[in-house]
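Biologist: I'd like a close look at one part of this model rather than a quick tour. Could you walk me through it in plain words?

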Amino acid sequence: MGRLFFTAVLFGIIINFLNCLLIYTFFRNPVLAQEPRYILYMQLFINDTITVSLTVTLFVLTYTVPAFNVAICGIFVLIGSNVYKNTPLNLAGMAIERFVAVCYPLHHARICTIRNTKILIGIIWLVGAAPGVVHLLVLLSLRPLSFFTSSRVCLAQNVFDFEYYLMSHAFIHITYMCSVWVLLIYTSMCFFFFAKAAASEPAQAQKARRTILLHAVQLLLCTLSLSTTVLDRALKVLFPYYQSVIYFCTFVLTNIVPYLLSPLIYGMRDQK
């Protein structure tokens, strides 16, 4: 089990190192800070860094601290839920920016301004935080204050242990993912059928199509996290003596690999 913890932490350190390297490059180059595309990139990298840090922390706490303060755990869970929801929303924003740049290049400078990009980032964080605020208000209304001073295993279902949370949590995640899937499919179809005529440079259209497809791969991996519980249960039935290995493998596949793609997709493909 110790090796699994070490591997999970090592994955987190590698991903955060790559993200921090790209963030450092961004702030060193003032030219990049003037382009909406790279501002959205940095929002994605910062969000991924927070997500991976919290995910690995909660993973380790779950197995090393069986009795953790509910109030502190709840804060971790709420922040983690927020940044997790930000990922598909950020991918949607990046897809829209590429769609405008390729299909409506004459309007790109007017629509995709730095001010509008910052407003979009604010909206992403507000939309991602809204469900968590509602869940917190429901929890405060249903549980006494003594509940928040008690100790439990630091899992979301142990803090928000009411049926409303389980149903709304799944519904909200599925709604977010489906909405972004529809957007990515629409922009991909537009690139495939109209980009050659609309774009000033065919090479730009081709690169944009590849970027949208990579968005789709990343979103697919994020979508897998919705089936983590079902996958864990199915694999435990087949391999009952390897529960720790099963939990670790599904954790890496659904919570680590999607965020490893971000620096590889955007950091190494872009020459700037």
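Biologist: Let's zoom in on helix α3: where does its kink lie, and which proline comes shortly after?

Modeller: Happy to, and keep in mind that this is a predicted model. The kink in α3 sits at Thr87, and the proline that comes shortly after is Pro88. The bend there is about 30°. The helix itself runs over residues 70-103, which makes 34 residues. From first C-alpha to last, α3 spans 49 Å, close to the 50 Å you'd expect at 1.5 Å a residue.

Let's go to the start of α3. There, a side-chain oxygen of Asn69 comes to within 3.0 Å of the backbone nitrogen of Ala71.

Now for how covered the helix is. Of the 34 residues in α3, 27 are buried, so you can call this helix mostly covered, taking buried as under 20% relative accessible area. For the chain as a whole, 43% of the 272 residues count as buried.

One residue to click on is Glu97, which also belongs to α3. Glu97 counts as buried because its relative accessibility is 4%, and the cut-off is under 20%. Setting aside neighbours within four places in sequence, Glu97 is in contact with Arg37, Leu40, His108 and Cys112.

Helix α2 is a good one to set beside α3. It covers residues 36-64, 29 residues in total, and reaches 42 Å from its first C-alpha to its last, close to the expected 42 Å. Here 22 of the 29 residues are buried, so α2 is largely enclosed by the rest of the structure.

Then have a look at α5, residues 114-142, which bends too. Its bend is about 30° and falls at Ala129, with a proline, Pro131, following within four residues. α5 has 29 residues and reaches 43 Å end to end by C-alpha, close to the 42 Å expected. Pro131 is itself one of the buried residues of α5, and others among them are Thr117, Ile121, Ile124, Gly128 and His135. As background, an α-helix has 3.6 residues a turn, so residues three or four places apart point the same way.

Stepping back, these helices belong to a chain with 11 helices and two strands. Of the chain's contacts with a separation of 6 or more, 80% are between residues 24 or more positions apart. The chain exposes about 14300 Å², and carbon and sulfur atoms supply 72% of that.

Definitions and conventions
Residues numbered from 1 in each chain as written. Predicted model: local features only at pLDDT ≥ 70, side-chain atom pairs only at ≥ 80, totals over all residues. Heavy atoms only, no water. Expected span 1.5 Å × (residues − 1). Bend = angle between axes of the 7 residues up to and from the residue. Buried < 20%, exposed > 50% of the residue type's maximum accessible area, 1.4 Å probe, protein only. Polar contact = N/O pair within 3.5 Å; in protein donor to acceptor, adjacent residues only side chain to side chain. Contact = heavy atoms within 4.5 Å. Areas by Shrake-Rupley, 256 points an atom, 1.4 Å probe, with all protein chains shown as cover.
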